[in-house]
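The exercises below are to be worked with the sequence and the model side by side. Each task is followed by a solution in steps.

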Amino acid sequence: MPDLGGRFVERRLDRENLERSARLALDGLLAPVITAVHPLSDAPAALATVENGHAAGKVVIKVA
């Protein structure tokens, strides 16, 4: 297989990376794909969507 390039991405959920992600989102450079938004009362169905692998993006549970 030919070398596709790129680099390994280390995932660290620390303050620095979370703040960087927030800045990228606020600047419009990071646009998460949201598949569905469910009310809290429909959380079991939202979880089932994720667990069954039918979510192409993020599944959001709206609390307020």
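**Exercise 1: a salt bridge in a helix**

Arg15 forms a salt bridge with Glu19, and their closest N and O atoms are 2.8 Å apart. The model is a predicted one. Task: state where Arg15 and Glu19 lie, and classify each as buried, partly exposed or exposed.

Step 1. Both Arg15 and Glu19 belong to helix H1, which covers residues 15–26. They are four residues apart, about one turn of the helix.

Step 2. The cut-off for exposed is over 50% relative accessible area, and buried means under 20%. Arg15 has 66% relative accessibility, so Arg15 counts as exposed.

Step 3. Glu19 has a relative accessibility of 36% and therefore counts as partly exposed.

**Exercise 2: the salt bridge count**

Task: find how many salt bridges the whole structure contains, and describe the one formed by Arg12.

Step 1. Side chains of opposite charge can pair when their charged atoms come close. The distance limit used here is 4 Å between a side-chain nitrogen of Lys or Arg and a carboxyl oxygen of Asp or Glu.

Step 2. Searching the whole structure gives two salt bridges. One of them is that between Arg15 and Glu19.

Step 3. Arg12 pairs with Asp14 through their side chains, at 3.7 Å from N to O.

Step 4. Arg12, at 41% relative accessibility, is partly exposed. Asp14 is also partly exposed, its relative accessible area being 27%.

**Exercise 3: the largest pocket**

Task: give the volume of the largest pocket, name its lining residues and sort the lining by class.

Step 1. The space in the largest pocket is about 300 Å³.

Step 2. Its lining consists of Arg7, Phe8, Val9, Glu10, Arg11, Arg12, Asn17, Arg20 and Ser21.

Step 3. Sorted by class, the lining has five charged, two polar and two nonpolar residues.

Step 4. Take Arg11 from this list. Arg11 sits in the segment before H1 and is exposed, with a relative accessible area of 72%.

Step 5. From Arg11 to Gly28 the separation is 17 residues in sequence and 21 Å in space, C-alpha to C-alpha.

**Exercise 4: strand E2 and a nonpolar patch**

Task: identify the nonpolar surface patch that includes Val60, then compare the accessibility classes of Val60, Lys58 and Ile61.

Step 1. The patch is formed by Ile34, Val37 and Val60, which together have about 240 Å² of accessible area.

Step 2. Val60 is placed in strand E2, residues 58–62. Lys58 and Ile61 are found in strand E2 as well.

Step 3. Val60 has a relative accessible area of 30% and is partly exposed. Ile61, at 35% relative accessibility, is partly exposed too. Lys58 reaches 55% relative accessibility and counts as exposed.

Step 4. Two C-alpha separations place the strand against other parts of the chain. Ile61 and Pro39 are 22 residues apart along the chain, with 5.7 Å between their C-alpha atoms. Lys58 and Arg15 are 43 residues apart along the chain, and their C-alpha atoms are separated by 21 Å.

Notes
Residues numbered from 1 in each chain as written. Predicted model: local features only at pLDDT ≥ 70, side-chain atom pairs only at ≥ 80, totals over all residues. Heavy atoms only, no water. 1 Å grid on protein atoms, 1.4 Å probe; cavity = no way out; pocket = protein on both sides within 12 Å on 5 of 7 lines; lining within 4 Å. Points joined across faces, edges and corners; volume = space filled by probe spheres on them. Nonpolar A, V, L, I, M, F, W, Y, C, P; charged D, E, K, R; others polar. Patch = residues over 30% accessible without salt bridge, like charges linked within 9 Å, V, L, I, M, F, W, Y side chains within 5 Å. Areas by Shrake-Rupley, 256 points an atom, 1.4 Å probe, with all protein chains shown as cover. Helix = DSSP H or I, 4+ residues; strand = E, 2+ residues; numbered from the N terminus. Buried < 20%, exposed > 50% of the residue type's maximum accessible area, 1.4 Å probe, protein only.
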